[in-house]
Amino acid sequence: MNRLGLFSWVASTIACVAVACSAPPPFLQDPDGGLGHDGAGLNCGTPHVGCACTTPGAQAACGEVVRQSGTYVTCSEGKMTCTSGTWGACIGDAIYNKSVGSISLGTMGLQTSPGSCANDPCDPGCNDYVDDGNGLDAGDGLTTTDAGGVTLVPDAGGCTGYECLVAPCDGGTTTTLTGTVYDPAGLNPVYHAYVYIPASLPLPTIPSGAQPDVCGGGGNLPPSVSYFFTGPDGKFTLTGVPSGANIPLVVQVGKWRRMVMLATVNACATTAVPAAQSRLPQNQTDGNGGKADLPQIAIVAGACDPMECLLERIGISTSEFQNPGAGGKVDYYQADGVPLLGGTNPQPQTLLDNYPQMLKEDLIMLPCDCGDEYWATSGGGGRWAGNYNNFLNNIQTYTSNGGRMFASHWARQWMEGGGLTNPFPGVANWVPYWSEYGYDAPSFEGQINTGFVKGADFSTWMQNVGAFTTPDYFLINPVRYDTYSINSPASQLFVNYTGRDTSDNGVSYSTGLFSGPADFTFDTPVGGSPQYGRVMYTDMHLASGFNSASFPSECPAGGLTAQEKAAEFLLFDLGACLTVIPPPPPAFFSQTFTRDYQGVCPIGKSVVWRFFDWQTVTPLDSSIAFSAQTANTQAGLPTATPTVSLGTASGAPITTYVGTDVSVALAPNPSLAWLRVNITLNPSSDKSQAPTLSAWRQQFDCADSQ
């Protein structure tokens, strides 16, 4: 149970918003004079701040005037502590109001002496009206804010969906799931995958196509019961998970998302998730009730680098490779590369000259087409013929609006513009075209840049998948050389050619051989803000030839080469968020607490409950609802009727201050001696944000009895 110290003296400022009021007055002077005053003029007939005390650490109830406005006074009730022989400051934790009107203060409520009440009408020794006497005890679902308000506690006081299936465990145990996230083929672990148990179903929809946000539309992670981000080994451990039958488990990287239903999860035990249930989806029916998610990928099949085989070899089903608009997740365009088996495919300009079509793609892959990209800019024709400047402008706009692009070797044309429009100025220093072929080599070693966190993780991942010849080095064959260097901070280097020729057992350095960038990325728009897109450029060809004249029979069998493994890591990273997105905030649940008020009036006067005021902050569509009941006794409040609405605070993200005349809300029923105000804090509909009740007050008057 949380003991909440509410308000302190914050209400004095708030009160002046709605009504004309003066600054908090000093203690009212004792009209009778001389009742227990000490030499400083303090009334020490009862404990007061500054009066002498005898027992160190002893505590006494106290009250102070916060403000006086019209016919009522606002008090702060609390406790003071005996320190060094003197009563210390009054630390208030309850705010209440009492009517002073034109009546004598000495006739108000139960009192120890007229002088005590006259000296301080908020002195708890002069009457029994101190709210509940102990401040707010609202349970585990509420907590105070730094400014003294009240807000919700995450994941407290309620549960929904799978949160309700988390079993309490004794002895420090917890219900746990362990496993490894794998690529669709089930071969290699996946770095920085988000693994989670959703709080409820269905999962939020992932939009298709390029989106202007840092996740390209793949960052809408729902509230989860338990979550984990994988490291270079792909392993995960989920604790505090629900138990029972048919528990959902989701693995997600960007727009790759697969959900499986675990048949049984044993409570208060550790369950190992089979690898087949913790891999990414192979196709659109692979998991999530036949509705798995994959990014929409466009690939232009080039003649010199069959990168479409990388997609097939990491596990994407060949059924997903189709002509654009046919329903597959890989839209197949053909440059000088092979066609799909038994089909005719559109040419590259039908993609790059059609910006609306480009926006339908999450990722566009432009592997090397043997230099035909270059000859097209020099007046040649062929498959790349078209409005080349428009191609470049579309590529720049597409990536700047969240699109992702993966390009290799001669697709450098789309990086530097080939002497025309430069869509990505300043990302790299390019080797001149006329000398590029002179730098080609059969086989070199690449070294991973471990000078940043993701680079170090990349190196560990490559070690885990057996790609290294020696630590941090792996074989690249064939080699292409297109950039002298990259420019930081615009570009980020991942792999660098070492200049070490592997043709002689990887140890000799040949004269004239080079070192320089092999793989780098840059975010788009280059040098602009905000940046939503990303481009990956590689000089590594993934293969040097074909096995047949069509896809997928062209693709080689067997395990991935070292450079294919590197490309796989970079491909999944390319589709992920540009920056690490924190997990969804814990869920909030509605909570209700009550405040009981007693109105004490002199003989011949009756309580009239007046304005209930509040100050709130309600983000998104969160709200705070207020209602009230009145009864002759406190015990009668829970069953008192009617319960009347005092209004609802809503509207984001503004702060509001509203007054409701309770007597009007109760009409035609009269105000009785006790009033209960019910306060319900409702989180936003997605349970991600909570409202805050910054302050509130209840006022009453004493009117002539009828």
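Buried means under 20% relative accessible area, exposed over 50%, and partly exposed in between (1.4 Å probe, protein chains only). The model is predicted: local features need pLDDT of at least 70, side-chain atom pairs count only at pLDDT 80 or more, and totals for chains, interfaces and linings use all residues. Residues are numbered from 1 along each chain as its sequence is written, and side-chain values use heavy atoms, with hydrogens and water left out.

**Exercise 1.** Find which parts of the chain the disulfide of Cys215 and Cys577 ties together.

Solution. A disulfide is a pair of cysteine sulfur atoms within 2.5 Å. Cys215 and Cys577 are joined with an S to S distance of 1.9 Å. Cys215 sits in the loop between strand S10 (194-198) and strand S11 (224-229), and Cys577 in the loop between helix H11 (562-575) and strand S28 (591-598), so the link connects parts 362 residues apart in sequence. Helices (H or I, at least four residues) and strands (E, at least two) are DSSP runs, numbered from the N terminus. Cys215 is buried at 7% relative accessibility; Cys577, at 17%, is buried.

**Exercise 2.** Determine the handedness of the disulfide of Cys62 and Cys90.

Solution. The S to S distance is 2.1 Å for Cys62 and Cys90. The torsion about their S-S bond is about 95 degrees, so this disulfide is right-handed.

**Exercise 3.** Explain why Cys368 has no bond to Cys304.

Solution. The closest cysteine sulfur to that of Cys368 is in Cys304, at 4.8 Å, which is too far for a bond. Cys304 is instead joined to Cys370, S to S 1.7 Å. Cys368 is buried at 1% relative accessibility, while Cys304 is partly exposed at 26%.
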